[in-house]
Amino acid sequence: MRLTKEALKAAILDKAETSPKPQLYIRDFYDCDPETKPRDLKNLANDLVKEGKLMFWSSGSTTMYALKSRIKNEEGVEGI
């Protein structure tokens, strides 16, 4: 059974909060609801970025998702 958009957003945020890694690839969220298509899941993750609940984090070669509270830049300042 597919989750509703709001339930899936909540699952994405929960995964971002509880994951041992602070930055996550979009594929790390696929197990939040295996029945949701990857493109739909990416759109919801991007919506969470627009809402300010998640942020993009880049290693220079790839873009990942993270909570601002879990990311520190090189100077040790929280958020990017």
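**Strand pairing, an aromatic cluster and the surroundings of K21**

R27 lies over the face of Y25, 4.2 Å from the ring centre. This arrangement, like those below, comes from a predicted model.

The strands were examined next. β1 (23-24) is joined to strand β3 (residues 63-66) by two bridges, and the two run antiparallel. In this pairing L24 stands opposite Y65 of β3. Strand β2 (residues 55-58) also runs antiparallel to β3, with four bridges between them. Here W57 stands opposite M64 of β3. Strands β2 and β3 form a hairpin with four residues between the strands. Within this hairpin, G60 takes a positive phi near 105°.

Aromatic contacts involve strand β3 as well, through Y65. A pair of aromatic rings is described by the distance of the centres and the angle of the planes. The count comes to two aromatic pairs. In one of them, the rings of F29 and Y65 have centres 6.2 Å apart and planes at 70°. Edge-to-face requires an angle over 60 degrees, so the F29 and Y65 pair is edge-to-face. F29 lies in the loop between β1 and α2 (38-50), whereas Y65 belongs to strand β3. The pair therefore ties together parts that are 36 residues apart in sequence. Both F29 and Y65 are buried. The other pair, F56 and Y65, is tilted, at 5.3 Å centre to centre and 50° between the planes. Ring pairs thus link F29, F56 and Y65 into a cluster.

The burial of F56 and Y65 was compared against the cut-offs. Y65 has a relative accessible area of 4% and is therefore buried, the limit being under 20%. F56 has 40% relative accessibility, so F56 counts as partly exposed.

K21 was considered last. K21 is found in the loop between α1 (5-18) and β1 (23-24). At 37% relative accessibility, K21 counts as partly exposed. Leaving aside residues up to four places away in sequence, K21 touches D28 and R70. The side chains of K21 and D28 are joined by a polar contact of 3.1 Å. K21 and A66 are 45 residues apart along the chain, and their C-alpha atoms are separated by 9.1 Å.

Technical notes
Residues are numbered from 1 along each chain as its sequence is written. This is a predicted model: local features need pLDDT of at least 70, side-chain atom pairs count only at pLDDT 80 or more; totals for chains, interfaces and linings use all residues. Side-chain values use heavy atoms; hydrogens and water are left out. Buried means under 20% relative accessible area, exposed over 50%, partly exposed in between (1.4 Å probe, protein chains only). Contact means heavy atoms within 4.5 Å. A polar contact is a pair of N or O atoms within 3.5 Å; within protein, one must be able to donate a hydrogen and the other to accept it, and residues adjacent in sequence count only if both atoms are side-chain atoms. Two strands pair if DSSP finds at least two bridges between them. Rings of Phe, Tyr and Trp (its six-membered ring) pair if their centres lie within 6.5 Å; planes under 30 degrees apart count as stacked, over 60 as edge-to-face and the rest as tilted. A charge sits over a ring if NZ of Lys or CZ of Arg is within 6 Å of the ring centre and within 35 degrees of the ring normal.
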